[in-house]
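Student: I have a new structure open and don't know where to start. Can you walk me through it?

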Amino acid sequence: MGTESGKVISFKSLNKTVGRFNPKEKTFLIPQMNRIGGHLLAATFRGFGIHARVMDTYKGLDLGKKFTSGKECYPCQITMGDILYFMEKEREKLGEAFDPERYIYFMPESSGPCRFGMYNKYQRIILDSLPELSRLKIGSLTTDDGYSLSGMIDKDRVRDLRKASYFSLVVADILDRLLWRVRPYEKDPGSTDTFIERSMRQMEEVFEKLGPEKAFDQILDRMEGIIENAKDLMDPHVVRKPLIGIVGEIYLRTHTQANQDLIRVLEKYGAEVVNASVTEWMNYTSYDRLRDARTAFRLGIKQLRFGPVKEQVKKIMRFGSELYYQELRQKKVYDRLTSKIDLARDHKVRDLERVLKEEDLFSFDAGTEACLSIPGIVEYAQEGYNGVVNVYPFTCMPSTITSSIIRPRMDQLGIPYLDTPYDESIQPGREAAIRTFMYQASQHFKQHGRKAF
Ligand code: SF4
């Protein structure tokens, strides 16, 4: 679509250069949200012949801020900066040979009443406004179809890729939990961070080699070895510490630079921390699609519309079997690895919905991360955690809802609770607030003890 000024963006661009593309002979760029998860996922993709790379993060924040107005969510600014910075560096490195068409930038989306679904459109508009970058494609998977990977790889390998990718995220969660379990008790400061970084690199090689074969037992053999070695880093004389649960917006709670290394700050003031996992979100998207299909099925029956009913039955079977597979796989991994060390398990999404209904606090019909955070906090409180922190980008709608609903409930339960909204600014009172929160949590710990996994 031509225009006088040349500044109006063609909406065709949103169809042609945002979507699901076959990454054959392209470099598939994965943003670094959760460091370990991103690297193991990229390694799995490489095993399937997709040339995947994890982009550096947080180095291009100035660029991200330059091309946003300040009203967007903080993760949108960070990811915008990440891709612009990456492209700039590639252009410097490759010179004349630089060709943006050789890359696919991976930016998933989610439907529902939240701005995440608009990131890839917004970023498309920015990329289109810059010389050459209009040719860079955005590879987008959506929660609407449970992040289906079809179209990205030969049809007969899609299921295997999906299974291996999910498995890589479960293993990444375990490595993260191992870090948070061991680090507060380490003999030598810094040894756990170094060890986990090295282990992540080893597991990248393992996933690249064994992921495509779905040799999951062999992969877990390697994880068992890592856990045994990690245990040697712990000082058995250090007594267990107050247990803090983290919930919140998935990007902020898993991106350590964005949340100003919150877990480490909590540990500095005496905590052992469990963060909600990435696979919890994957399970939620499958659960929610299944739930939607069931609702549409019931409506179709009521209205006697048998065409849509048939369609919904197919969806129920597909999403139902996906959820069943994911939960079973996750359970098997945790069953095996938690026999070596006591790590926290995830809440089941169906249990979280039950908690919401029983407590009459919120509804899954409204969607968003609040569906997980609100009941997740209640579960932490009832299980014997000593405090809960809600982490989110400044102005994040679902997390603000969570905060407004859960505060009075936490007061009733007498469990310390802290909201930590972040943008790039350093708030002068932040550390004092965390220290005060940890004082309350340690008082709770002294009076009530803590949950054992
Ligand atoms: S969850 Fe919050 S931060 Fe993330 S896109 Fe939605 S509103 Fe923005």
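Tutor: We can go through the sheet, then a helix pair, then the ligand. Keep in mind that this is a predicted model.

Student: OK, the sheet. In what order do the five strands come?

Tutor: The order is β1-β5-β4-β2-β3, in an open sheet with parallel pairing.

Student: Which strands stand at the edges?

Tutor: Those are β1 (18–19) and β3 (51–54). Each has a single partner strand, so one side of each is left without a neighbour in the sheet.

Student: And how many bridges join β4 to β5?

Tutor: Three bridges join β4 (residues 103–106) to β5 (residues 137–139). In that pair, F106 stands opposite G139 of β5.

Student: Which strands does helix α4 touch?

Tutor: Helix α4 (residues 74–94) packs on the sheet and touches β2, β3 and β4. The direction of α4 makes about 160° with that of β4.

Student: Switching to helices. At what angle do α6 and α7 cross?

Tutor: The axes of α6 (residues 158–182) and α7 (residues 191–210) cross at roughly 165° and come within 10 Å. That makes α6 roughly antiparallel to α7. The crossing is right-handed.

Student: Which residues meet there?

Tutor: From α6 they include F167, V171 and L175, and from α7 they include I196, M200 and M203. By class, the contact has 11 nonpolar, three polar and one charged residues.

Student: Last thing, which residues are around the ligand?

Tutor: They are C73, C114, R115, F116, Y119, E249, P393, C396, M397 and P398. Elements α5 (116–128) and α15 (397–413) each give two or more residues to that shell. Its residues divide into eight nonpolar, no polar and two charged.

Note on methods:
Residues are numbered from 1 along each chain as its sequence is written. This is a predicted model: local features need pLDDT of at least 70, side-chain atom pairs count only at pLDDT 80 or more; totals for chains, interfaces and linings use all residues. Side-chain values use heavy atoms; hydrogens and water are left out. Axes are lines fitted to C-alpha atoms, for helices over the stretch in contact, and angles run from 0 to 180 degrees between N-to-C directions. Helices (H or I, at least four residues) and strands (E, at least two) are DSSP runs, numbered from the N terminus. Angles under 35 degrees count as roughly parallel, over 145 as roughly antiparallel, 65 to 115 as roughly perpendicular and the rest as oblique. A crossing is left-handed if the near helix is turned anticlockwise from the far one by less than a right angle, and right-handed if clockwise. Contact means heavy atoms within 4.5 Å. Ala, Val, Leu, Ile, Met, Phe, Trp, Tyr, Cys and Pro count as nonpolar, Asp, Glu, Lys and Arg as charged, and the others, Gly among them, as polar. A residue is near a molecule or strand if one of its heavy atoms lies within 4 Å of it. Two strands pair if DSSP finds at least two bridges between them.
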